[in-house]
2 protein chains.
Amino acid sequence: MTTLILYNGPIYTLDPAVPVAQALAVRDGRVVALGTERQVQEMVATAGRTHELIDLAGRAVVPGLTDAHVHITWQGFTRREANLAGVATLEMALEVVAQRDTQLPQGAWLRGGGWDHVLWGGRWPTREDLDRVCPHRPVILLRKDCHSAWVNRRALELAGVGAATPDPAGGQIMRDRDGEPTGILVDTAMDLVRAVEPPPTEQDRLAALQAAFDEALSYGITSIHVPPGTDPADASTTLRDLQTMRQQGRLSVRCLAYMAQPDLDAAIALGLRSGFGDAWLRLGGLKLFADGSLGSQSAEMLRPYEGTSSTGLAMMPPEVLEATIRRANAHGISVAVHAIGDAANRKVLDAIERAIHDRQAQPEAFPAMALPNRIEHVQVLHPADIPRLGQLGIIASMQPIHCTSDITAASRLWGEERCHSAYAWRSVQAGGATLAFGSDAPVETMNPWLGIHAAVTRQRPDGTPADGWYAEQCLTVEEALRAYCYGPAVASAETALKGTLTPGKLADLVVLTGDPLQCRADELGAITAAMTLVDGQVVFERSSSGG
Amino acid sequence: MTTLILYNGPIYTLDPAVPVAQALAVRDGRVVALGTERQVQEMVATAGRTHELIDLAGRAVVPGLTDAHVHITWQGFTRREANLAGVATLEMALEVVAQRDTQLPQGAWLRGGGWDHVLWGGRWPTREDLDRVCPHRPVILLRKDCHSAWVNRRALELAGVGAATPDPAGGQIMRDRDGEPTGILVDTAMDLVRAVEPPPTEQDRLAALQAAFDEALSYGITSIHVPPGTDPADASTTLRDLQTMRQQGRLSVRCLAYMAQPDLDAAIALGLRSGFGDAWLRLGGLKLFADGSLGSQSAEMLRPYEGTSSTGLAMMPPEVLEATIRRANAHGISVAVHAIGDAANRKVLDAIERAIHDRQAQPEAFPAMALPNRIEHVQVLHPADIPRLGQLGIIASMQPIHCTSDITAASRLWGEERCHSAYAWRSVQAGGATLAFGSDAPVETMNPWLGIHAAVTRQRPDGTPADGWYAEQCLTVEEALRAYCYGPAVASAETALKGTLTPGKLADLVVLTGDPLQCRADELGAITAAMTLVDGQVVFERSSSGG
């Protein structure tokens, strides 16, 4: 059992008892010693153990990061798709498609999205454009708003869509003068092609997971919290696939897997509770949806969106939300409730508060919950609600990059007064709640260093706005790191194992390409992992050329 | 991190590479070294570690035993009940009841069973007998065959059973000359009282588990495989309670928990597979029933019971058995099928064989199973079926004490020819199957040393029959120990952690009061644990007075 010693670089433990160490020793998958270089080397030498040295050469070390909200399979698929987000010309888009075409096995569909023909001069692209670069396999590429799809001739053929096909209700097949489909399908017309798109096979899904794990490790992410699969017909796919990856020895990132709402009864029937599992794969709680999103103006607000009379949408009646949370908690199952708008967040807070009251009134009816309840996103709160998260022991699962991506929309739709308490991580933390940060990838980038940059600066990656958006909500770098390391360990009830670099805890850690506590704030987003260890094993190492 | 060194006694590792060692070192819950006393002490001294010594004083050490089939909550309850099995007189029975009465909280029901009025001269006991020693709380005591119950006046009052109560269909209220109930309720008449018996509270169940864990540790049992709860309305109680014990820090024995047949759909909906969990609490597979029992002549036989025209009962049609096994296996869930009779065993073998064929034909439809399939009991096999367990990779989960308890019944009901392949552990093992031994407690004693005695001698605890019953099926002591240690680890797919004493494996081990490999066979049943370690911690130590 060789001991691994990392030395000659600042080791930021996030442990208030020993915030910085100069060397760290790892054995049997655990951190076994921390201190000055001499202390650690002497300790190991005294123990007469063989050891290997890793010279940090000044590079910083932090605990492995957790992405506390990542759609991991979907992220993997997105990476395998043609990504046309921000692509400036049609010709460049076709080059991306042609390139992807060479990487796919014969017969596989080429999928992708993110294109915006407004950037291309406003002409809608056509099937002929696609047929020039990819005639043999079906291609389907969603527009950035997901309201239209650009397909090629092969996809139309497989779907049997031609001049004779009528427009479906709620959709449109764009046509040329002869009535032939041009290759653009709008809204429900997209379903004509989607209906013949083969669902991904298990092999596809496992490959996607592998790609997403590799990406996570390349940033220094060593644990993830995973919502259930997005297909309501089969929300358990993700948990099944994670077990398969585990059995195949390919689970390289530790996972906390959440269940979908329809699975609550099954979990209760089996008697399963949050926290069942081990340090590699654990059952989280029940994922619920209280409202929609800011971008689609479906986040539920206490007052109408600016300039409108709409207050958004509740995804379920408050009495159902309350009964579901109570029922889950009464069976030892904690909840993770999607809530964006201030009204949705208030309803979740009210519902959890009532479940806590019920527990106090009838303690015998509520087993102790292994994991705390959490709210996902927490994007805008009424100021009076901010301290309630801490009071009710709720984890604030927030995604800093949403803040800076949403600056324009939030300013316009919520207005200045409400934006003072939007993405208000500093206030939420000051109110006593634990922050658990994540990405919401693939909705946003999975890169946590862009998240840390956003949390610390409240600026977009390009540095705008110069003073930061509602900069009083900025975190320090150390606070942001804690929200990526320690906070998620609180959420998964694993602070005895993770969250800080402390002797006895798991040796999940990352050697960084830059020093987050010494660099300028505008350099934070460029930091990434030079080397990532999980369970004391080096599972990612960046080549010196940076690849 | 102190190292614990056990020395000065034979350490039977069950590891063929190093069958016997003289010393063993434990650290961080694992076995870290094995060898001669000098080797181990030098190793620890070189490492410069503090250590504690345990002088075995010649006592033997073996790996912690697993009880691969124990109804653990029920066992705990049974220990809290009045046990009247074999009690020779009515007065002695009433003394046991009076004694139990003093130990129960006010208002609690006094439960018990095992009495046989034939031993008491044949007079049925009465409620007046019970009222003499226990008038204030309801009492219900089942006869040894569980076909009648002896109750007191308080129980009859609570149930509203009196002279006016008609006999229910399928049952009888024994009555005196005035038509008043005497206190004996036969068959369905027992339900009149049972209907008002309060179900055990969670606190009752947890106390029962605690008592059963303590009993297990006192024998050196450190792991158990647990069938689902016997209440079909709430079969998940056991898994829930084990999680609660875990959360409360009271799970002192490692558990593999099986699911009940109605829960298969829930497990599939959630995407859960056999093996989910950790080294303390893991999900087993699906428990199914193919037939009944020998004693009630409901075990399903290929030919009629001797002197009868009955072949017993199938608990489900073969096509349902086959479809259920296939469906479970196709979702990564292994099965543990109760099969006693040779016909039932054949049907299970056939069904598993077809599932394996289906897997070979359609490998993509069957995920790899983390745990092997198993048959519970395997009490009598057609000789042609014996090698099939090994061929099909099925664990033979057998309970040696059933053999010696059943000698009379098996000889009478199955006859000599069939008894040659009854409880045929040696032949089953020779056929290539892994044996996983257990107790079926509380149906039989949980004491595994009585099981080892039965497996090795095929004699009852009193030494009869003198030559052993079909003695060609006797195992060696070492084989029997392997069936209690290594076989169950194969069944739970944990041979990397358990089953032998090997560096790197869990430090679950037992110091014995006697040396099973040196003592006479008739002394095996008197062996028990002097000290039991789980996860490197001493969790049981027998006082020197033997208590």
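Colleague: Why does Asp385(A) count as buried?

Modeller: In this predicted model, Asp385(A) has a relative accessibility of 3%. Buried means under 20%, so Asp385(A) counts as buried.

Colleague: And what makes Arg346(A) partly exposed?

Modeller: The relative accessibility of Arg346(A) is 27%. Partly exposed covers the range between under 20% and over 50%, so 27% puts Arg346(A) in that class.

Colleague: How do you know that Arg346(A) and Asp385(A) form a salt bridge?

Modeller: Their closest N and O atoms are 2.9 Å apart. The cut-off asks for a side-chain nitrogen of Lys or Arg within 4 Å of a carboxyl oxygen of Asp or Glu, so this Arg and Asp pair qualifies. The two partners come from distant parts of the chain, 39 residues apart: Arg346(A) is in helix α11 (residues 342-361), while Asp385(A) is in the loop between β17 (374-377) and α12 (386-391) of chain A.

Colleague: Let's take another bridge in chain A. Why is the contact of Glu215(A) and Arg79(A) called a salt bridge?

Modeller: The N to O distance is 3.4 Å. That is within 4 Å, so the pair counts as a salt bridge. Glu215(A) belongs to helix α7 (residues 202-219) and Arg79(A) to helix α2 (residues 72-80), which makes this a link between distant parts of chain A, 136 residues apart.

Colleague: Which of the two classes, buried or partly exposed, fits Glu215(A), and which fits Arg79(A)?

Modeller: Glu215(A) has a relative accessible area of 7%, so it is buried. Arg79(A), with 43%, is partly exposed.

Colleague: Over to chain B. What makes Asp265(B) and Arg327(B) a salt bridge?

Modeller: Their closest N and O atoms are 2.5 Å apart, and that is within the 4 Å cut-off. Asp265(B) sits in helix α9 and Arg327(B) in helix α10 (residues 318-329) of chain B, so the bridge ties together parts that are 62 residues apart in sequence. Asp265(B) is partly exposed at 48%, and Arg327(B) is partly exposed at 35%.

Colleague: What joins Arg346(A), Asp350(A), Glu353(A), Asp385(A) and Arg388(A) into one network?

Modeller: Salt bridges that share partners join these five residues. Over all chains, the structure holds 64 salt bridges.

Colleague: Why does Lys287(B) have no salt bridge?

Modeller: The nearest side chain of opposite charge, Glu376(B), is 6.2 Å away. A salt bridge needs the atoms within 4 Å, so Lys287(B) has none. Lys287(B) is nevertheless buried. Lys287(B) lies in strand β15 (residues 281-289) of chain B, and among the residues it touches are His69(B), Tyr258(B), Met259(B), His338(B) and Glu376(B).

Colleague: Now the pair of chains. How do you know that the two copies are related as by a two-fold rotation axis?

Modeller: A turn of 179° and a shift of 0.1 Å along the axis lay chain B on chain A with an RMSD of 0.3 Å. The copies are thus related as by a two-fold rotation axis.

Colleague: Why do you say that the copies meet through the same surface?

Modeller: Of the interface residues of chain B, 100% are also interface residues in chain A, so the copies use the same surface. Each chain brings 30 residues to the contact.

Colleague: How much area do chain B and chain A bury between them?

Modeller: They bury about 2600 Å², 54% of it on carbon and sulfur atoms. Leu270(B), Arg273(B) and Phe276(B) lose the most area on the side of chain B, together 27% of what that side buries.

Colleague: How many polar contacts and salt bridges are counted between the two chains?

Modeller: There are zero salt bridges between chain B and chain A, but 11 residue pairs are in polar contact. On the side of chain B that touches chain A, α8 (237-247), α9 (264-270) and β15 each supply at least two residues.

Colleague: One last residue. What makes Ser148(A) buried?

Modeller: The relative accessible area of Ser148(A) is 3%, and under 20% means buried. Ser148(A) lies in strand β10 (residues 148-151) of chain A, and its contacts include Trp115(A), Trp124(A), Leu141(A), Ile184(A) and Met190(A). Ser148(A) and Ile184(A) are 36 residues apart along the chain, with 6.7 Å between their C-alpha atoms.

Key:
Residues numbered from 1 in each chain as written. Chains lettered and ligands numbered in written order. Predicted model: local features only at pLDDT ≥ 70, side-chain atom pairs only at ≥ 80, totals over all residues. Heavy atoms only, no water. Helix = DSSP H or I, 4+ residues; strand = E, 2+ residues; numbered from the N terminus. Buried < 20%, exposed > 50% of the residue type's maximum accessible area, 1.4 Å probe, protein only. Lys, Arg positive; Asp, Glu negative; His and termini not counted. Contact = heavy atoms within 4.5 Å. Least-squares fit on C-alpha atoms with pLDDT ≥ 70 in both. Buried area = accessible area lost by both parts, 1.4 Å probe. Polar contact = N/O pair within 3.5 Å; in protein donor to acceptor, adjacent residues only side chain to side chain. Lists of a residue's contacts leave out its neighbours within four places in sequence.
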